[in-house]
Amino acid sequence: MKEKALNLFKLIKEKWQGTSKKQKSWMIGSFLFVIILTIVISMLMSVKHYTPLYSNLSADEAGQIKETLDSKKVPYQLSNGGTTISVPKEEVDRLKVELASQGIPKSGEIDYSFFGKNASFGMTDKEFDVLERAAMQTELAHLITQTKGVKSAKVMINLPDSNVWVGQDADASKASASIVLNLDPGYQLSDNQVQGLYHLVSKSVPNLPEDNIVITDQYFNYYDKKTFDGSSGDGSTLAQYDQQRQIKQDIERGIQQKVSQMLGMMMGNDKVVVNVSTALDFTKQKSTEELVEPVDKQTMDGLQVSSEKITETYSGNGAGGQVGTGNQDVTTYQGNTNSNGNYKKVEERVNNEFNRIHRTIVNSPYTIKDLGIQVMVEPPKPNQPSSLSAQSVNDIKQILNTIIKTSLTDSQGAELDPATISQKSVVSVGKFNGKTNTTQIPKQSNLWFYITGGILLAIIILLIILLLRKRNKDQEDEINDQSITNPRVANLEEAIESDSPEKNKYRQLEQMANQNPTEFVKLLRSWLSED
């Protein structure tokens, strides 16, 4: 084995000495490149992608999870002021199950399960009342959290002391509750949600009227039940203002986002700035209409309900009376004593029924009275406003006019004329000088990682193939050179029979094989390894 290693080392040394300086530099460079590439790939493969395990944690909960991860020797990262804990992506599912089985994170709050685990006969009435109220607050906070838009809630309940005296004040025996909601950013509770929260809290706590409940959010916005019932008094003016302001902002933000998204696809997100201003009418009107319409509007006829036709006829001789003899007679009327007469009277009575329409119209609590859209566009070449064609500006103007046309109507309910609509939109073209340079951290993408690794692997394989081809070519050239400088005898038997140096070598080998077979075998092996 040692001889094989020495022979191999000798062969490599001879090959190395036989190569040129250019070939040596290529081989050394390729070897170093492969080593560096291997190190880079190993570093990239060892990079761990972290995914949030829990978010919006309190300091106590974050400490519990951190201590557990340290005991398990799991790497983690803290972010968002310690409220978010991230772990390697492949460990998220396993850790969630393990921590949940251990009851981590523990909020420290007391719920109704506490009584089942820690019930004892030594608990006093005062201790029981305190624990019961804490459990009631915790469960009620969990119920409120199920409401859409509510991230968390804090509930404080004040329960009155029981009194057995007859002269107890009725108001003193009622409970009260204070609730602070932590809402999602930009979320506004609807009327039904506010009313539902009042009913939920009132029915969850014994002897708690809705008037004794106070609900606010994290910004101390007061949600008055009377305001959302529509029977607000003088104290709800600020709440109405906040509600109307929120509606106005929602409408403007919605139109602005749609316009920005549309124009951003056309010009680029950093090339367009959109501003929307609206004027809303929050007047709520209720009107009643009593209408009567014909059944057939073309003939203006109604629906015939009943008809009656009366015909009277008379024929015969009439007897004339004396002139002016009666109390009701006209004195100057000349009577006819000898005359024959015919009388006919036809009367037709038809009763028609028309459509009677009763309408109660309640207008929406807000309508868009006026709308204006202002757009600033940066041309493709910021210093050359003419680089943005007039056709593009006209297209943007038409888009804005279409949005305004579908959103507005005049006081009579008809569509506005094009000249009026065109005055409500403005398109300005110029360079943006107030841009802020924001550095964005590129997100790690597994796709790019695999693409980069594939390219590097293809380069390595290509270099290896080129080196092998070059090595084979060099060996062929070396063999050809040796065959030219040291021509072999075509027929070994003829060389042995003739009187030549080959015959002397053959005799020496034969003598060596007879006298020292071991050395002869070693020599033969070395020749075979060289070939």
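This briefing describes a small sheet, a helix that lies across it, and one buried glutamine elsewhere in the chain. The model is predicted, so local features need pLDDT of at least 70 and side-chain atom pairs count only at pLDDT 80 or more, while totals for chains, interfaces and linings use all residues. Residues are numbered from 1 along each chain as its sequence is written, and side-chain values use heavy atoms, with hydrogens and water left out.

**The sheet**
- Three strands form an open sheet in the order 7-12-13 with mixed pairing, where strands are DSSP runs of E with at least two residues, numbered from the N terminus, and two strands pair if DSSP finds at least two bridges between them.
- Strand 7 (272-281) and strand 13 (425-429) are the edge strands, each pairing on one side only.
- Strand 12 (residues 367-377) pairs with strand 13 in the parallel sense over five bridges, and Gln374 has Val426 in strand 13 as its bridge partner.

**Helix 10**
- Helix 10 (residues 390-407) lies across strand 12 and strand 13; helices are DSSP runs of H or I with at least four residues.
- Its buried residues (under 20% relative accessible area, with a 1.4 Å probe and protein chains only) are Ile396, Lys397, Leu400, Asn401, Ile403 and Ile404.
- Seen down the axis of helix 10, these buried residues fall within an arc of 160 degrees, taken from the directions from the axis to the C-beta atoms, so they line one face of the helix.

**Gln137**
- Gln137 sits in helix 6 (residues 125-145) and counts as buried because its relative accessibility is 16%.
- Leaving aside residues up to four places away in sequence, Gln137 touches Val155, Met156 and Ile157, contact meaning heavy atoms within 4.5 Å.

Note on methods. Buried < 20%, exposed > 50% of the residue type's maximum accessible area, 1.4 Å probe, protein only. Axes fitted to C-alpha atoms, helices over the stretch in contact; angles between N-to-C directions.
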